[in-house]
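Hi,

Here's the structure I said I'd pass along. Have a look at it first, and my notes follow underneath.

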Amino acid sequence: MRTILITGPGGSGRTTLAAATALAAAAEGTDTLVLGTDRTDTLGAALGVKTGPVPVEAAPHLTAWRPDAAQDFRRDLTALQDRASSALDLLGASRLDPEELTPLPGAEELALLRALRDAALSEKYDTLVVDLPPAPQALALLALPEELRRYLRRLLPPERQAARALRPVLGRLAGVPMPAEWLYDAAARWDLELAAVEAVVADRDTAVRLVAEPGPAGADALRTAGLGLALRGLRTDIVVANRVLPEASPDTWLAGPVAQQRKTLEEWRESYDVRTVAHLGRDPRGTDDLTALAVPAVGQPATRADWPVTDRLGEDGVLVWRIPLPGAIREELDLVRRGDELVVTAGRFRRIVPLPSVLRRCTVDGAALRDGELHIRFAPDAKQWPQNR
């Protein structure tokens, strides 16, 4: 299944273009699902149909779905209470009824990730278009599965599950209660679900499409989003410049905005595959307007960003790990080695990545930023590296 994740700065028209992209894919005869994320039904307003927790047909071959975070949150917390019933009874806790539960911060993101996983695994659709939140929230959302899985592995290491039979004995020896079996079971289930979402995001048939209005604010947002995606190992397939004004216009007051858009587009084309969508002169509403936008088709998947290790042992005595970080600023970069992991900070973004196996037996020898690519040098650790005899 081809998956298109669409995001951009707030107010860029990303929801409208997500709806138009899904409609264009469906018009080619491919069964398409478009997922919405906004609490208010902006997706339905663009498509001209009401969307909600029950998938609806928005056009031939096109289904629209807007998951209900509150419903998912109530179901999950009720199930958690049932599993932890013995512990809650021991503490004298009062159960929460489903009717009194309201979603906590983060519930909407988790509901969207679950919907993304379910849609990908259903095999009912050829194309999935996801209207992600605005870029800053979208980048945090895309990072969530990997980060949550890392937390679970640290807090509840899977290898400790092998000691289930010894847990009561260990509890008596330690003098503290050991984690209940249900907690490890829940962690294993969460890890499996998060792994499925992570696989969808990392799949070679998944691409991120950035939507922005050409101008100074759009340029800044695009530069930041591109850096955040690169740090996650993702690349955009195209950049959609939305609401582009006509070059030839009788209105003289448009000359300034048109010149500004032209300058921004020229700069973007130096780094991205840019497609333009014209300004209709009104807010698009309904399938006729969405078709008139003539959005770019769903094309071939974007090439996933590689982080290769270059062997320069013969020339310089080091291995070089190359991490593409377009738009990174040297003063805003930071690297910290923690065991077999590397903490990479680029501007407002941070990612903790496991070192390739060959680099785990090395020490960090320095780093440099060259032409939008971070080069990290690793020198072999004499204590762990095979010696020539």
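Helix 10, residues 255-268, lies across three strands: strand 6 (206-212), strand 7 (236-244) and strand 8. Against strand 7, helix 10 runs at about 175°. Bear in mind throughout that this is a predicted model.

Those strands belong to an open sheet of 8 strands, and if you trace across it the order reads 3-4-2-5-1-6-7-8. The pairing is mixed. At the edges sit strand 3 (56-59) and strand 8 (274-278), each of which pairs on one side only. Ignoring direction, neighbouring strands in this sheet are turned by 25° against each other on average.

A general reminder before the next bit: strands of a sheet pair through backbone hydrogen bonds, in either a parallel or an antiparallel way. For a parallel example here, take strand 2 (residues 32-35) and strand 4 (residues 62-65), which pair over 4 bridges. Within strand 4, Thr63 is the residue that stands opposite Leu33.

Now for the empty space. How many cavities of 30 Å³ or more does a search of the whole structure find? The search comes back with 2. I spent my time on the second largest cavity, which holds about 40 Å³ of space. Its lining is made up of Leu5, Leu112, Leu113, Leu116, Val130, Leu132, Leu141 and Leu142. Two elements give two or more residues to that lining, namely helix 5 (107-122) and helix 6 (135-155). Helix 5 has the largest share, with 3 residues. Sorted by class, the lining of the second largest cavity comes out as 8 nonpolar residues, with no polar and no charged ones.

One last residue to click on is Gly286, in helix 11 (residues 286-292). Is Gly286 buried or exposed? Its relative accessibility is 15%, and since buried means under 20%, Gly286 counts as buried. As for what is around Gly286, leaving aside neighbours within four places in sequence, Gly286 is in contact with Ala45, Ala46, Leu47 and Gly48. Ala58 is another one to look at: Gly286 and Ala58 are 228 residues apart in sequence, yet their C-alpha atoms are 9.9 Å apart in space.

That's what I have for now. Shout if you'd like to go through any of it together.

Cheers

Technical notes:
Residues numbered from 1 in each chain as written. Predicted model: local features only at pLDDT ≥ 70, side-chain atom pairs only at ≥ 80, totals over all residues. Heavy atoms only, no water. Pairing = 2+ DSSP bridges. Axes fitted to C-alpha atoms, helices over the stretch in contact; angles between N-to-C directions. Contact = heavy atoms within 4.5 Å. 1 Å grid on protein atoms, 1.4 Å probe; cavity = no way out; pocket = protein on both sides within 12 Å on 5 of 7 lines; lining within 4 Å. Points joined across faces, edges and corners; volume = space filled by probe spheres on them. Nonpolar A, V, L, I, M, F, W, Y, C, P; charged D, E, K, R; others polar. Buried < 20%, exposed > 50% of the residue type's maximum accessible area, 1.4 Å probe, protein only.
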